[in-house]
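Welcome! Here is a short briefing to read alongside the structure below, taking it one topic at a time.

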Amino acid sequence: MTHAGSGVTHAGPAGVTHAALIRLSGRACGQPTRPSRATWQHGRVTAATHSSLFPQVPDSADAVLDGLDPEQRAVATALHGPVCVLAGAGTGKTRAITHRIAYGVRAGILQPSTVLAVTFTNRAAGEMRGRLRQLGAAGVQARTFHSAALRQLQYFWPKAIGGSMPRLVDRKIQLVADAAAACRIRLDRGELRDVTGEIEWSKVTQTVPADYALAAAKAGRDAPRDPAEIAQLYSVYEDLKRDRSVIDFEDVLLLTVAVLQDRQDVAEQVRSQYQHFVVDEYQDVSPLQQRLLELWLGERDSLCVVGDASQTIYSFTGATPDHLLDFRNRHPGATVVKLVRDYRSTPQVVHLANGLLSQARGRAADHRLELVSQRSAGPEPGYTEYPDEPAEAEGAARRIRELVDAGVRASEIAILFRTNSQSETYEQALADAGVSYQLRGAERFFDRPEVRKAGVALRGAARFGGNDSLLDEAVDLPSQVRAVLSGEGWTPQPPAGSGAVRERWESLAALVNLAHDFAAAKPGATLGDLVAELDERAGAQHAPTVQGVTLASLHSAKGLEWDVVFLVGVAEGMMPITYAKTDEQIEEERRLLYVGVTRARERLHVSWALSRSPGGRASRRPSRFLDGLRPGSTGAAGRAASGGVAGVERGFTTRAEAAPRRVQRTVARCRVCGRTLTDAGEMKLMRCEECPSDMDEGLYERLRDWRAVQARRSGQPAFCVFTDKTLMAIAEAVPDADGELARIPGVGVRKLHRYGADVLAICAGQEVEEGDGEG
């Protein structure tokens with residue numbers, strides 16, 4: 001342990017809800033991989049998450065496969081049937097799925113206009129469109145769930161609903177404030193934000209206001225106000241939207257689901273347009289997004305999903321990894337490919353990441369992937385303890401200044417923190433050290449006012465440049481761009497300090513740097529060529545790199561990477577955050593730190609402060625997640641990963657093979673009050689008879705009617721199909737997958753095989769014909 005400076009461094013609309021999800025069947029799929037002309041082991045493999053700025057478009061379908069490792073190639077060539085890609089951090093998942101789409105398009109197997117790739121952020125969708133364009137697969141739709149749904153809703157609204165579509169509100173927080181005023185409930189700024197989050201969660205989990213209190217309790221949510229008050233606010237919020245003829249972003253999904261469910265003609269038109277679906281970050285889908293995806297698919301199985309349960313960090317928004325982890329149950333014929341070769345991070349960074357997850361618990365941890373670094377050795381992660389937060393910020397800024405002076409590009413450095421409130425201290429420290437920076441979470445690059453103005457100026461110069469005295473002495477494309485943008489506020493040196501002026505300069509500097517890269521990649525390119533490139537990038541939201549250290553929360557850093565990462569504030573109370581109380585919440589905090597660690601390619605610095613302010617009591621301690629991992633600490637030994645081997649698994653051929661084995665329970669307890677159950681009927685319900693039931697009465701009656709038909713057809717008493725208690729248990733659980741149905745007492749493997757398809761269809765709200773099922 002050495003002491004340096006101030007730190008101690010250690011090496012080393014309402015009512016439109018549908019609770020049930022449609023079950024999809026699947027067949028075995030996937031094509032055998034074909035050997036490449038030059039195998040990846042012989043040096044042709046490229047970094048999984050890196051590509052040059054302006055690569056050459058592959059000249060053939062086979063060329064698209066060049067440089068892929070065996071597992072990535074298996075993904076790229078599995079073009080039929082359900083495919084599940086379990087991809088660890090840095091293993092090239094985006095590379096694999098974009099090459100899969102491009103290979104299918106270039107080989108003539110997929111028509112570009114029939115492919116819909118969906119992800120969760122505009123940035124990720126833009127990156128995907130950019131990569132597909134570079135691979136010669138332009139025309140493929142790559143969008144967020146909301147963007148794809150909004151386009152469909154706008155198109156079909158006149159036909160399906162009639163009239164003009166309501167206005168979409170960008171921010172619902174003012175509506176929530178108005179609802180609070182109408183209810184005479186006072187909310188401070190933090191409570192207003194938290195209640196807004198609860199309304200969003202309710203809508204993506206398809207919970208109506210009347211059911212909020214019960215649903216929140218069952219989900220273990222820490223409500224920011226009395227649940228009855230939140231339910232009231234939620235109800236009034238929905239009333240206000242109707243009165244003002246507006247909808248919010250969650251309504252876009254809800255209304256699209258409602259239209260596709262209620263209008264078969266619309267659903268068929270959508271399904272005739274899109275034949276093949278790819279879903280990125282599948283561990284983050286909400287029940288509502290899953291429902292929409294299933295309606296897009298219909299009875300087809302041309303679906304490829306990609307995700308990593310260990311990177312589930314948005315459960316507070318309704319995201320759940322269950323859809324990813326249950327994929328094989330819902331699609332017994334699925335091909336499953338595991339990507340564990342980490343091309344992003346050094347072995348030292350990967351070792352720390354694996355160590356973090358080795359101590360994790362829970363279902364996601366049981367399916368974790370143990371990464372295997374493919375890079376050369378690098379420095380050990382550094383661990384630094386500071387007396388207070390300002391000292392920690394100054395220490396990070398000082399080190400970054402040294403790195404930049406040594407030749408590391410500022411754009412390859414990031415400072416990651418748990419909450420946005422930590423940002424200001426680091427902004428000031430970097431400004432004091434003379435280091436440029438950018439904040440993640442601001443508006444999209446091409447939507448920034450200074451970028452739009454710069455685009456107009458460049459377009460005008462390209463069209464009338466011969467009459468512009470600014471360009472008289474510009475001898476090449478970069479100098480022309482510098483000349484034009486100097487009239488918009490760009491200067492060779494950045495302005496002093498931080499704030500809006502600095503941010504505008506950084507945006508213009510990014511365009512200047514892009515011009516240099518474009519000219520180097522395409523000698524002889526004109527200003528008009530650059531404008532055309534910017535237009536394409538704007539359409540794809542493929543933003544250029546902004547030269548500056550990135551300041552970002554751990555949540556907003558998801559999907560990004562840098563050569564050097566500073567993880568700051570890694571202390572108890574911040575990581576895990578104070579309000580993380582339950583085991584599930586603690587484990588999500590661990591996964592959040594894991595995401596932060598795996599953002600680093602080469603160097604990782606982890607730090608914490610013993611107090612908040614200078615002179616404060618040194619009462620903090622390093623995060624428990626570092627116990628046993630940082631030098632000098634002790635902690636529990638981790639577990640070996642159960643899913644850490646790369647490879648391809650082919651699907652089951654029958655439903656019975658896919659059904660999970662029943663687990664014998666030694667003690668059955670009421671899921672409402674916790675009392676030990678001994679009565680057989682109560683054990684089937686998993687609750688006491690007198691405890692409140694949340695049974696779907698309509699579903700129960702539909703199941704009884706279906707049971708009567710089955711009993712008549714088989715010539716046996718109705719209880720031999722399912723007892724009343726079993727039907728009640730099904731109507732309470734509303735299962736959406738084989739595994740969930742099999743876990744209900746009274747079902748079993750034989751009845752699952754015989755009646756499972758019918759029961760799941762009824763739970764999903766589908767009509768089941770009398771001839772369905774196996775007699």
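A residue counts as buried when its relative accessible area is under 20%, as exposed when that value is over 50%, and as partly exposed in between. By that rule Arg 133, at 22% relative accessibility, is partly exposed. Keep in mind that this is a predicted model.

**The overall picture**
- The protein has 775 residues, and 54% of them count as buried.
- Its secondary structure comes to 29 helices and 19 strands.
- About 33,400 Å² of the protein is exposed, with carbon and sulfur atoms supplying 50% of that area.

**Salt bridges that link parts of the chain**
- In total, the structure holds 43 salt bridges.
- One of them joins Glu 533 to Arg 133, with the closest N and O atoms 3.7 Å apart. Glu 533 sits in helix H22 (residues 527-540) and Arg 133 in helix H4 (residues 122-134), so this pair ties together parts that are 400 residues apart in sequence.
- Is Glu 533 buried or exposed? At 9% relative accessibility, Glu 533 counts as buried, whereas its partner Arg 133 counts as partly exposed.
- Another salt bridge brings together the side chains of Arg 459 and Asp 535, at 2.6 Å from N to O. Because Arg 459 lies in helix H19 (residues 449-464) and Asp 535 in helix H22, the pair ties together parts 76 residues apart in sequence.
- Arg 459 is partly exposed at 31% relative accessibility, and Asp 535 is partly exposed at 41%.
- Arg 621 also forms a salt bridge, with Glu 572, and here the closest N and O atoms are 3.8 Å apart. Arg 621 is in the loop between strands E18 and E19, while Glu 572 is in the loop between strand E17 and helix H23, 49 residues apart.
- With a relative accessible area of 38%, Arg 621 is partly exposed.
- Look as well for a network of salt bridges that links Arg 344, Arg 409, Glu 412, Glu 561, Asp 563 and Arg 601.

**Aromatic residues**
- The structure holds 10 aromatic pairs.
- Ring pairs connect Phe 120, Phe 145, Tyr 274, Phe 277 and Trp 296 into a cluster.
- Trp 157 belongs to helix H5 (residues 145-160) and is buried, with a relative accessible area of 8%.
- Trp 157 and Val 259 are 102 residues apart in sequence, yet their C-alpha atoms are 8.6 Å apart in space.

**A charged patch on the surface**
- Asp 696, Glu 697, Glu 701 and Asp 705 form a negative surface patch.
- Within that patch, Asp 705 is found in helix H26 (residues 697-714).

Definitions and conventions:
Residues are numbered from 1 along each chain as its sequence is written. This is a predicted model: local features need pLDDT of at least 70, side-chain atom pairs count only at pLDDT 80 or more; totals for chains, interfaces and linings use all residues. Side-chain values use heavy atoms; hydrogens and water are left out. Rings of Phe, Tyr and Trp (its six-membered ring) pair if their centres lie within 6.5 Å; planes under 30 degrees apart count as stacked, over 60 as edge-to-face and the rest as tilted. Patches are made of residues with over 30% relative accessible area and no salt bridge: like charges are joined within 9 Å, nonpolar side chains (Val, Leu, Ile, Met, Phe, Trp, Tyr) within 5 Å. Accessible areas come from the Shrake-Rupley method with a 1.4 Å probe; for residues, only the protein chains shown count as cover. A salt bridge is a side-chain nitrogen of Lys or Arg within 4 Å of a carboxyl oxygen of Asp or Glu. Lys and Arg count as positive and Asp and Glu as negative; His and the chain ends are not counted. The place of a charge is taken as NZ of Lys, CZ of Arg, CG of Asp or CD of Glu. Helices (H or I, at least four residues) and strands (E, at least two) are DSSP runs, numbered from the N terminus. Buried means under 20% relative accessible area, exposed over 50%, partly exposed in between (1.4 Å probe, protein chains only).
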